[in-house]
Amino acid sequence: MAKRSKIKVLNNAYFQQKKQESAANERQSRGTRFRMGLLAVIVVIVTFFCGIRIVQAEVETHQVNKQTAVAERKLQRAKARNASLSQQVQQLSNNDYVQKVIRQRYNYTKKGETVYNLPQTNVSDNN
């Protein structure tokens, strides 16, 4: 023998109203959950794209820093060369220096001048 349940559901107006309210609340909560899920997906997508953009910005910054370092090294070399050339221009404006350079490089002599080439001695050749 099967036991019968002694609980009976009353199908009155109050019960019908609560049942409708419960169904309406369920529909509303499903809609709310759907919107919250959709919002969460949108937040994840936006965060993903922002993260990608941040990484790209870091890569670009690294490349610019490399280029800046290379340009600074070139600038230092150019400044050193410029200083050397400025010194050379200053020296070439001095007639005594110009005569000295011409004599050393091109073995130039004045009229009546005799040049003696002396052998260079090495200190390490002494026995």
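I count a salt bridge where a side-chain nitrogen of Lys or Arg lies within 4 Å of a carboxyl oxygen of Asp or Glu. With that in hand, I looked up the network in this predicted model and found E26, R30 and R33 linked by salt bridges.

**Entry: overall form**

I began with the chain as a whole, and I noted two helices and zero strands. I then looked up the radius of gyration, which is 48 Å for the chain, whereas a compact globule of 127 residues would have one near 14 Å. The box filled by the C-alpha atoms, taken along the principal axes, came out at roughly 145 × 45 × 15 Å.

**Entry: surface and charge**

I next asked what share of the residues is buried, and found that buried residues make up 1% of the 127 in the chain. The exposed area of the chain is about 12,900 Å², and I noted that carbon and sulfur atoms supply 56% of it. Turning to charge, I recorded 22 positive and 8 negative side chains, with the centres of the two sets lying 19 Å apart.

**Entry: salt bridges**

The structure holds five salt bridges, and I looked at some of them in turn. I found E21 bridged to K18, with the closest N and O atoms 3.5 Å apart; both residues lie in helix α1 (residues 13–92), three residues apart, which is about one turn of the helix. I noted E21 as partly exposed at 34% relative accessibility, and K18 as partly exposed with a relative accessible area of 38%.

Going back to the network, I found that the side chains of R33 and E26 meet in a salt bridge at 3.5 Å, N to O. R33 has a relative accessible area of 53%, so I list R33 as exposed, while E26 counts as partly exposed at 35%.

I then looked up R103 and E113, whose side chains meet in a salt bridge at 2.7 Å, N to O. This pair links distant parts of the chain, since R103 lies in helix α2 (residues 95–106) and E113 in the segment after α2, ten residues apart. I found R103 partly exposed, with a relative accessible area of 26%, and E113 partly exposed as well, at 34%.

**Entry: aromatic rings**

Last, I searched the whole structure for aromatic pairs and found one. The rings of F48 and F49 have their centres 5.7 Å apart and their planes at 70 degrees, so I entered the pair as edge-to-face. I also looked up F49 on its own, and noted F49 as exposed, with a relative accessible area of 51%.

Technical notes. Residues are numbered from 1 along each chain as its sequence is written. This is a predicted model: local features need pLDDT of at least 70, side-chain atom pairs count only at pLDDT 80 or more; totals for chains, interfaces and linings use all residues. Side-chain values use heavy atoms; hydrogens and water are left out. Helices (H or I, at least four residues) and strands (E, at least two) are DSSP runs, numbered from the N terminus. The radius of gyration is taken over C-alpha atoms; the globule rule is 2.2 Å times the number of residues to the power 0.38. Buried means under 20% relative accessible area, exposed over 50%, partly exposed in between (1.4 Å probe, protein chains only). Accessible areas come from the Shrake-Rupley method with a 1.4 Å probe; for residues, only the protein chains shown count as cover. Lys and Arg count as positive and Asp and Glu as negative; His and the chain ends are not counted. The place of a charge is taken as NZ of Lys, CZ of Arg, CG of Asp or CD of Glu. Rings of Phe, Tyr and Trp (its six-membered ring) pair if their centres lie within 6.5 Å; planes under 30 degrees apart count as stacked, over 60 as edge-to-face and the rest as tilted.
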